[in-house]
Amino acid sequence: MMPLLAVNWHDLLLRSVVTFNEFVIFYFLALNSVYLLLFIVSLFEVVRFVRRTFFSDYQQILKSEMTWPISILVPAHNEERGIVDTLRSLLQLNYGEFEIVVVNDGSTDATLERLIKAFDLRKTDRIYRRTLDTARVRGIYASLEVPNLTVIDKEKGGKSDALNAGINISRYPLFCSVDADSVIEENALLRVVKPFMEHPEDMVAVGGIVRIINGCEVRDGRVTKIGLPRKALPVFQVVEYLRAFLSGRIGWSVLRSLLIISGAFGLYKKSDVIAVGGYDSHTDTEDLELVVKLHEHLKRQKSRYRIVFVPDPVCWTEAPERFKTLLLQRNRWHRGLLQSFARHWRMLFNPRYGVIGILALPYFLVFEMMGPFVEVLGYASVIAAYFLGILNREFFLLFVLVAILYGVFLSIAAVLLEEISFRRYPGWDDLARLIWYSVWENLGFRQLLALFKVKAFFDFIRRRRRWGDMGHRGFRETAPVPTQIPR
Amino acid sequence: MNPSRILVADDDPTIRRFIATLLADRGYEIHEAPDGEQAYRMAEMVKPDLMLLDLIMPFRDGFDVLSELKSQDTTRRIPIIIMSVKDREEEIVKGFTLGAEDYVVKPFNSLELVSRVRKILERSRS
Amino acid sequence: MGSTSELLVQALWGIGGVLAFLFLFIVINKATRELKERRALALRQELEPKILAYVNGKGERLGPQLGHLRGLERAVAEEVLLDNARFLKGTARSRITAACEELGFVQNRVVQLRHRRWWKRAEAAEKLGTMKSPKTAAELIALMRDPVPDVRMRGARALGQLDTRTSIRPLLEALQDPNRWSVLRVAEILAGMGPAAGDELVDAFHVLPLKARIAAVDCLGRAKSVRAPAMLIGLLSDPDRDIRARAAHALGLIGDPNFTPDVLKTLKDDAWPVRAMAAKALGRLGRAEAVGPLAEALGDKEWWVRINAAEALRSMGEKGLAALMDALSSEDRFARHAAVATLEGAGVLDQYVEKLASPDATEQEKALAFIRKIVASERTDSLSQSATRHAQEKVREQLGRILKPGEAKT
């Protein structure tokens, strides 16, 4: 009896491995085909977009008195290293009327002192409306030399809280959230406001593309020369960002179900954000949560609205260069995704929420949440099959085909999108490296990210909420020493 | 007599080339600066007899360069003509307040610009 | 089993082929583009000096100076001409227009206006606007019926650039475009066309739909038509509150102080946006008789009206500032707070703080009185900062005493 039973167990194991492997193949095929569809949609949109902006009338928008003024909100927590440079570059933005509101969110370093010194700030008794509830505001500072700069000093309440305080005190109908450590291209505001000018009634939020600053030369808070990072890890992220933004978000935006606008750079209509109660501090990613909230609210109101992604405005941000910081960052992102999903699961498969309920959220459920498990187990099971001696040649080839090569194709396709549209990386060597890393991205990096997501899932279950602090190196230190002019 | 030296500071190369050709044909010696920082540095180095200054430029805007030049003893006397698409009253007033000699709104009339340049150079010679 | 395996291997080769194709496509695309750019640059360096010489007055015609042009050369010559047209006006500009007509660039672009692809039509319209040839007005007017809004907009802008009276009518019609962004853009174009457009606008105003009228009011504020003011004053009592608000704003933009009595009436309007705009306009008009009512508006129940009234007073010089100082002892808490914030922004508070160190006793007394008022208004963030950070010890000490009278005695 005993040997027979053992054979049965062995048999069962083999059969389940084989069945699972077939499922994995099917999964990869489905996943990559969804990506392919998104890519095709994006391809058309990018071509259309480039044709439209081919003759730019930004100069016209710049001069127009009808262009809406913008409040730029910069939440800052312990940003003493870069905050002054960031502001100097923001003040140089090419735009008609704008104000900058820095929110010092209970920094324990010299953030506030540096600001006071650099811009000759004075405490003022400015009056404002407390539309959203926030942690206590300790003081409001204004600058005598820069009239459109305001600094709020408040007790620590987290990024969402800081942004809400900024919303309270900002004066204009549109606000733009900006990370204190990122660099905004000087024409980015003009580009990102254009959708609002085209559809003033229904436009609610516009997201811009985020690119990776590692490897670029930065001078006076401005990118002077674009290049790829030297280290491998950030280059992988460059490829990943290209794919995520150029063929992911554009596609979702066309399908009217863009769920993420990067906190590093997004423009919102203030009244709508206030209507949903501002930013929420119950999730780890306040940017995602806000957009989902806006969708849910507006769909419920049955209003005609638009939340779109514009591939052109550029915000440069620093990518983690070490595994550990990357892990922390992705852990936070994925946890945020899971938290928002848990808060809004009622929208899932609900036809009332249109494409979002029927397509976008199911996509997130299947490919973003369960996907990483299938991927990780899939690789494990293929390896198991090899050791069990049941990995046949056909299966292995099929696996390589749908899991790896299909992915390589999509990564290179994203590089193609970049090449036919914006071409930010001018050098041949950069192009060569981009393509090379597009291949390698699918042989390690993607699998690594899947592992990170699996870990994030368990962290989410354990309700661990930690700020995934990025451990900044400060990109300004990596750039060549700027030539100082006597001031 | 040496030809008068004119520094043209504008981030648009087409405008720089146009003005350079226009004025070089009339016997002036032209220097060009593509951004605010270089404009400032070249003004200090070249000590031009006249400077044409754009307002919207990378690194430092025109007003910044203007006020900096007017606060230094070595460069205070350089006459500066602002050339800009900005045509609002406040901006023009600000330009003159900071010490500009003249303010030309783009689009501009090329022959008019030549006359203004000539006039200001004559005045500062005497 | 063998055949599936073969099939798979073929599939692998297939996708490998697709990858290779993608790769080659990217490389060839980049290479051809760079070669073309390099050639265009070389051509530009060759053609530009000749073209600039012509634009600056050499010869009657550009054609003979350039010789026969082919393909890319023509494109480069057109680009150079149009690049320079962007920032020029007067003689040089007309010479560019003449050259574009002479070399056939205008004719080519007119043909392109009927292209199958909308962006080609839009591009043609844009270039024709820069070329500014008055002969193309009829074609551009016809373009205002294009099905694609982007094309209509480029057409409208091109028409605006032509500076001919014939283009005003079709633009007025375009104010009825359903797309609001287009309406704003057209309004802007009309405003840029000066008094002639303003007159036509006054005539056509009452037949326009509501949204177009709102945009038209904005234009009237900037188009400098002599007939605009009378019309705008009439609109201050329009039934629509947006029209009233825009009309008040437009009168402020025109800036004739004689509008003051009319605009003052709207400072009591039921709709707060109208009051806010009236306050702003009164600040621009700058007449002393507005000071009293503006000071009253500091206590308006709507935040925007208070802010605008305070800003308006600030921009009105001595009298405005005096009114703000009076508001410091107002019964109304909002009025007091608005006054404090504005006086700080105007640097008045700092001046008085400096005077605390003045050797003149009466000056010092005046400063003390003023600062006591601020303290009484309970908005003392700025003062407390001066109390700790001011350069002079005397000032710090005095401020400290005013801020904490109880502690100062001990």
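What share of the contacts in chain C with a separation of 6 or more is accounted for by residues 24 or more positions apart? In this predicted model, such residues account for 62% of those contacts in chain C. The secondary structure of chain C consists of 25 helices and one strand, and of the 410 residues in the chain, 41% are buried.

The overall dimensions of chain C were also considered. Taken along the principal axes, a box of roughly 95 × 70 × 60 Å is filled by the C-alpha atoms of chain C. The radius of gyration of chain C is 33 Å, whereas a compact globule of 410 residues would be expected to have a value near 22 Å.

Chain C also touches chain B, with 12 residues of chain C in contact with 14 residues of chain B. On the chain C side, the elements that contribute two or more residues are α1 (2–55), α3 (71–85), β1 (88–89) and α4 (91–102), and of these α1(C) gives the most, with three residues. When the residues on this side of chain C are sorted by class, five are nonpolar, four are polar and three are charged.

The strand β1(C), which is among the elements on the side of chain C that touches chain B, is also paired across the two chains. Two bridges join β1(C) to strand β6 (residues 108–109) of chain B, and the two strands run parallel. Within this pairing, Leu88(C) in β1(C) is the bridge partner of Phe108(B).

Terms used:
Residues numbered from 1 in each chain as written. Chains lettered and ligands numbered in written order. Predicted model: local features only at pLDDT ≥ 70, side-chain atom pairs only at ≥ 80, totals over all residues. Contact = placed C-beta atoms within 7 Å. Helix = DSSP H or I, 4+ residues; strand = E, 2+ residues; numbered from the N terminus. Nonpolar A, V, L, I, M, F, W, Y, C, P; charged D, E, K, R; others polar. Pairing = 2+ DSSP bridges. Rg over C-alpha atoms; globule rule 2.2 N^0.38 Å. Buried ≥ 20, exposed ≤ 12 C-beta atoms within 10 Å, placed from the backbone.
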